[in-house]
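Biologist: I'm just starting out with protein structures, and I'd love a close look at a single part of this one. Could you walk me through the sheet and then show me what lies around it in the chain?

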Amino acid sequence: MELYAIKFGESSFRLRHIYRDMPNSEETTKIAWSYYIAKFNDITIAIDTGFRDENVAKKWGITFTGVEQELSSIIDNLAVVDMVIITHSHFDHIENLDLYGKPEIIISKTDYENALQQCSHSIIDKLNQCHVVTVENEYIYNDLLRFRVIGGHSKGSSVVYFEADNKHYVITGDECYWCDNLISNRPIGVYASTQNNERFIIESQRDKLIPLPFHDLNIFEQYSNITNNIVRIL
Ligand SMILES: [Zn+2]
């Protein structure tokens, strides 16, 4: 399996959103906005999509990296992607779904229903055109990936487990903003159910999983660069 992390933006962000135990902090930090692309045999899988709306970016203070120009170093174009896994239906994870061809889509039932209510028309159209697997609890793809609904960050927010080279990884969705949420056992500050988030973190720590979050700049320091904003994890 090949696995890449793609950083499409950067911004400052409040620490109290990253850590539940800092509710009164006004302190800010710098975060990444990213998604993942995996290749396995002849199958290409995107895990979340990013977004591109300039107005939304402005509202959140996000600077886009322009990573689209770098994507050709790992895939021909987004139309070749066979499957898109959506960890949850927040804009930064789903709003570029319309750029893909006709992938199979994996998403929790709860966040699918939410997406049909709240996403842009082009995203709703895409959901209606594609084969969507809606997951209530767990979905195992090809003995390779295990998609599991956690429901900590959002009601249906999900994570993806996999094993490679005898190491166990978890793509955390926003159940962790940073690797440190898992490593230091510090639940996130933005949640639908902090109990569900806490349980996920404790279990992942117990099982010594390697976290792959979506908002951690360290991922882009820690793994080797393919281009400016793309690193190779596997
Ligand atoms: Zn996010």
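Modeller: Happy to! Let's start with one pair of residues: Val149 stands opposite Ser158, which belongs to strand 10. Keep in mind that this is a predicted model. Now widen the view from that pair to the strands. Strand 9 covers residues 145–149 and strand 10 covers residues 158–164, and the two pair in the antiparallel sense over 4 bridges.

Next, the whole sheet. It is an open sheet of 5 strands, in the order 8-9-10-11-12, with mixed pairing. At the edges stand strand 8 (138–141) and strand 12 (210–212); each has a single partner strand, so one side of each is left without a neighbour in the sheet. From one strand to the next, the twist averages 20 degrees.

Now for the surrounding chain. The UniProt record, an unreviewed entry, places a feature called "domain: Metallo-beta-lactamase" at residues 31–215. Over residues 31–215 the chain is 26% helix and 29% strand, and the end C-alpha atoms are 5 Å apart.

Since helices also make up part of that stretch, let's visit one. Helix 4 spans residues 109–118, and in it Thr110, Asp111 and Ala115 are buried. Looking down the axis of helix 4, you would find its buried residues within an arc of 135 degrees, so they line one face of the helix. A general rule helps here: an α-helix has 3.6 residues a turn, so residues three or four places apart point the same way. And what covers the buried residues of helix 4? The cover includes helix 3 (91–94), strand 6 (104–108) and helix 5 (121–129).

Key. Residues numbered from 1 in each chain as written. Predicted model: local features only at pLDDT ≥ 70, side-chain atom pairs only at ≥ 80, totals over all residues. UniProt positions renumbered as here; feature names shortened; annotations may be inferred. Buried ≥ 20, exposed ≤ 12 C-beta atoms within 10 Å, placed from the backbone. Arc of directions from axis to C-beta. Contact = placed C-beta atoms within 7 Å. Pairing = 2+ DSSP bridges. Axes fitted to C-alpha atoms, helices over the stretch in contact; angles between N-to-C directions.
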